[in-house]
Structures are given as C-alpha cells and as structure tokens.
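User: I'm new to this structure and would like a close look at one part of it. Could you take me through the pocket lining?

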Amino acid sequence: MPRSRNRIRRESLRERANAAFDCGAALREQGQPREARVELERALRLERQLHGDDNNLDVGATLYLLGWTLEDLGELEEAREHLERALAIGLEGHDGELHAPIASTLHTLGSVVDKLGELVE
C-alpha cells in the first residue's frame, strides 16, 4: 500500500477511535453505561488496530474509562483488569511519575478493590 494511502487509513482509524471514545464518555456522563461500554469497546478495538498493542497512552485512557464504566455496571472483576492495565500503561508512559490520570486510575481501582472486599487496611 502506498505511503499516502497508509497514512490516510491511519488517520481514519484515529478519527473513528476518537469519535467512539468521545461518544462513550458522553454516554457514561449521561448515565447510560451500557451504551457507553459498547462505544468504549469499539474505541479500544480501533486503538489497538492503530497502535498494534496496548502500550499507548490513548489505549490506557480508554481502558481507564471502560474500567470505570464497568464498575458502574457492577462488573468488578473485568473493571479491575482494565484499570490495572490502564495503570501499568500510564506508569510506563509517564516514566513512573505520578500524574493526574494515574491518580484517577488509582482512585477508581481502589474503589473497585474495596467493592470486591479485597481492600487491605
């Protein structure tokens, strides 16, 4: 595939992933977690296609929001898996430094672990 076609394909994937993420975020904010989950899972598939793996901060952001949405739905084990992966990506992407997205992920992960009854005091 010529370079310009490949670049156009990548831009299209990026735009579709961003649109699905934004739609999922808006649906979650409007109290529609089931619908948000569908859009966030679509965003995650597109981002993985675009980046080739999970080691990307965009993927981490989507995993975080999807984990938070799963918490809302009461799907705590799956939420924890997504949040733990989002945390690992965030820490790696920020060289282990604590940034606001990492703090948010830790907070939400703590809430999920507490709801699972596994929080150590």
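How do the residues of the lining of the largest pocket divide into nonpolar, polar and charged?

Analyst: A quick note before the pocket: this is a predicted model, where local features need pLDDT of at least 70, side-chain atom pairs count only at pLDDT 80 or more, and totals for chains, interfaces and linings use all residues. Residues are numbered from 1 along each chain as its sequence is written, and side-chain values use heavy atoms, with hydrogens and water left out.

On to your question: the lining divides into 9 nonpolar, 5 polar and no charged residues. Here Ala, Val, Leu, Ile, Met, Phe, Trp, Tyr, Cys and Pro count as nonpolar, Asp, Glu, Lys and Arg as charged, and the others, Gly among them, as polar. A pocket is an open set of points on a 1 Å grid over the protein atoms alone, where a 1.4 Å probe fits, with protein on both sides within 12 Å along at least five of seven lines; lining residues have an atom within 4 Å of a point.

The space in this pocket is about 160 Å³, a volume being the space filled by probe spheres set on the points, which are joined across faces, edges and corners. There are 14 lining residues, and Leu57, Gly60, Ala61, Gly90 and Pro101 are the closest to the centre. Helix 3, helix 4 and helix 5 each give two or more residues to the lining, and helix 4 gives the most, with 5. Helices are DSSP runs (H or I, at least four residues), numbered from the N terminus.
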